[in-house]
Amino acid sequence: MATACIAQVTFRFEPKGKPVVAAFDIPDASSDGGLVLLKGIDTQLGLTKRLAACLADARQPAKVRHQTIELLRQRVFGIAGGYADCNDAARLADDVIYKLVVGRDPIAGPALASQPTLSRFENAVGRRALIGMGHVLADTVIEHHRRRLKGRATRITIDLDPTDDPTHGQQEFTFFNGHYDTWCYLPVVATVTFNDEAEQFAVATVLRPGNAPAHRGARGLLRRLLRQLRPAFPTAVVRVRLDGGFASAPLFTFLERAQVEYVVAMPSNARLAKRARRLMGKARVLSRTTGRTEHLYGETRYAARKWTRKRRVVIKAEVVRHPGRAPKNNPRFVVTNLPDAPETVYHLYCQRGDVENRLKELHHGLELDRTSCSRFLANQFRVLLTLAAYILFQELRHRAAGTLCADAQVTTLRERLLKLAVWVERSVRRIVVHFPMTFPWRSTWQRIAGAVGAT
């Protein structure tokens with residue numbers, strides 16, 4: 001195994017074949033050359049610059065070696081490159097590409113910040129700065145799509161979805177959650193969809209204690225998004241889709257006063273099950289006749305005890321059949337103010353299922369759950385940094401339209417477009433990043449580079 005004092009290792013694959021020498025002797029090289037694509041997107045959006053403007057720097061100027069914007073970019077691009085932890089800083093401190101995207105001279109520039117410096121940076125961020133960063137992230141996404149669509153969206157759909165973030169230490173406000181059967185945080189992620197587009201663009205994420213009910217903070221988050229969306233798209237109809245954990249009388253009242261369309265799942269109870277009994281009977285008869293899973297749709301007017309009035313509830317009466325198993329009743333309920341047919345309304349609700357793919361990307365592609373700081377606010381900061389990296393990836397995927405990476409997940413985008421061995425050369429007039437000639441995704445990479453501002 002190579003160490004710092006061993007410049008090469010030798011393999012002998014065949015007894016009589018030539019030895020293969022692996023020499024670690026190429027200076028000014030990196031294995032993450034494709035990050036210049038994300039740097040181009042960040043420059044166009046102005047994302048990290050706007051985020052850094054939210055952070056106050058209380059350090060003594062004469063002793064500052066790493067500017068706030070450099071620290072923030074080091075973390076955002078590190079997360080994008082697959083290095084979600086501050087401990088990775090030691091391995092990346094002299095990487096020429098990371099110095100380049102942070103804004104330093106890749107050859108002669110000083111090393112990037114160490115893990116202790118980054119940890120102090122994360123723990124120094126206060127509540128006001130975090131609120132400002134949340135506004136900037138949403139504003140950046142909304143303003144970018146306002147320019148793209150020229151403010152002419154006819155419908156904007158907001159989805160909120162909670163997820164679990166297991167914890168394994170003494171973090172503030174981590175609690176045991178019986179539903180997830182673990183100690184955790186419960187972040188909620190907000191996405192917006194424009195018109196009938198397939199992509200759900202992440203605009204906000206809020207870290208919450210592990211014992212928080214699903215609807216905690218939902219009204220405040222929706223109120224903020226509506227204030228940002230309506231001036232940007234004054235003629236658009238806003239629709240809100242939520243799962244059953246958000247259903248509550250105050251939320252319905254808020255949505256109606258805000259004059260938005262809503263489709264919200266409702267957990268089953270004895271009264272709703274009784275309302276669905278006749279429709280479920282018809283579904284069972286139909287399923288026995290066909291021998292397949294069958295579902296019928298209906299509606300009723302319903303008011304829970306704490307509701308001030310009755311609301312429309314769409315019923316999906318489903319009987320599920322699997323080979324070798326007894327049929328299973330599966331009634332579902334959705335509260336809505338839409339006038340459409342019950343089946344149409346339920347299918348509109350089911351379209352929110354794609355938000356699970358966004359959560360998987362955030363968890364598995366960018367490690368949203370790497371909230372290992374002891375302070376809650378520091379962990380909220382990490383969550384916002386992860387969202388910033390994800391916004392860059394979503395825009396990268398959007399710019400890849402028409403290529404083989406148009407529908408790629410974050411991990412695939414990183415593997416195909418970012419993880420590239422490069423050699424960096426600097427002259428008086430320019431910096432040249434040398435890529436392999438036989439790079440398999442070369443045409444796709446060049447096309448995307450042109451889309452993000454390269455000439």
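This is a short talk on the cores, strands and largest pocket of one protein model. Keep in mind that the model is predicted.

Let's start inside. The largest nonpolar core has 122 residues. Which residues have the most contacts inside it? They are Leu38, Ile158, Leu160 and Phe233. Helix H14, residues 376-399, gives this core its largest share, 14 residues. There is also a second, separate core. That one has ten residues, among them Leu338, Val345, Tyr346 and Leu348. As a general point, nonpolar side chains in soluble globular proteins tend to be buried together.

Now pick out Ile158. Set aside its neighbours within four places in sequence. Ile158 is then in contact with Thr191 and Val192. It also touches Leu222, Leu225, Leu226 and Leu229. The list ends with Val238, Arg239, Val240 and Arg241.

Next, strand E11, residues 261-266. Is it mostly covered or mostly open? Mostly covered: six of its six residues are buried. Look at which way they point. Glu261, Val263 and Ala265 go one way from E11. Tyr262, Val264 and Met266 go the other way. In a regular strand, side chains alternate between the two faces of the sheet.

Who pairs with E11? Strand E10, residues 237-242, runs parallel to E11, and four bridges join the two. One example is Arg241, whose bridge partner in E11 is Val263. Remember that Arg241 is also a contact of Ile158. Helix H9, residues 249-257, completes a unit here: E10, H9 and E11 make a right-handed β-α-β unit. Strand E15, residues 332-336, runs antiparallel to E11, again with four bridges. There, Met266 stands opposite Phe333.

Now a second sheet. It is open and has three strands, in the order E5-E7-E6, with antiparallel pairing. Why do E5 and E6 each have one side without a neighbour in the sheet? Strand E5 (165-166) and strand E6 (175-177) stand at the edges, each with a single partner strand, so one side of each stays free of a neighbour in the sheet. E5 pairs with strand E7, residues 182-185, over two bridges. In that pairing, Asp165 has Tyr185 as its bridge partner in E7.

Last stop, the largest pocket. It holds about 600 Å³ of space. The lining has 23 residues. Nearest the centre are Arg127, Ile131, Val206, Leu207 and Gln380. Where does the lining come from? Helix H7 (127-149), strand E9 (201-206), helix H8 (218-232) and H14 each supply at least two residues. So H14 turns up twice today: in the largest core and in the pocket lining.

Terms used
Residues numbered from 1 in each chain as written. Predicted model: local features only at pLDDT ≥ 70, side-chain atom pairs only at ≥ 80, totals over all residues. Heavy atoms only, no water. Core = buried A, V, L, I, M, F, W, Y, C linked by side-chain atoms within 4.5 Å. Buried < 20%, exposed > 50% of the residue type's maximum accessible area, 1.4 Å probe, protein only. Contact = heavy atoms within 4.5 Å. Pairing = 2+ DSSP bridges. Right-handed = clockwise from strand over helix to strand, strands pointing away. 1 Å grid on protein atoms, 1.4 Å probe; cavity = no way out; pocket = protein on both sides within 12 Å on 5 of 7 lines; lining within 4 Å. Points joined across faces, edges and corners; volume = space filled by probe spheres on them.
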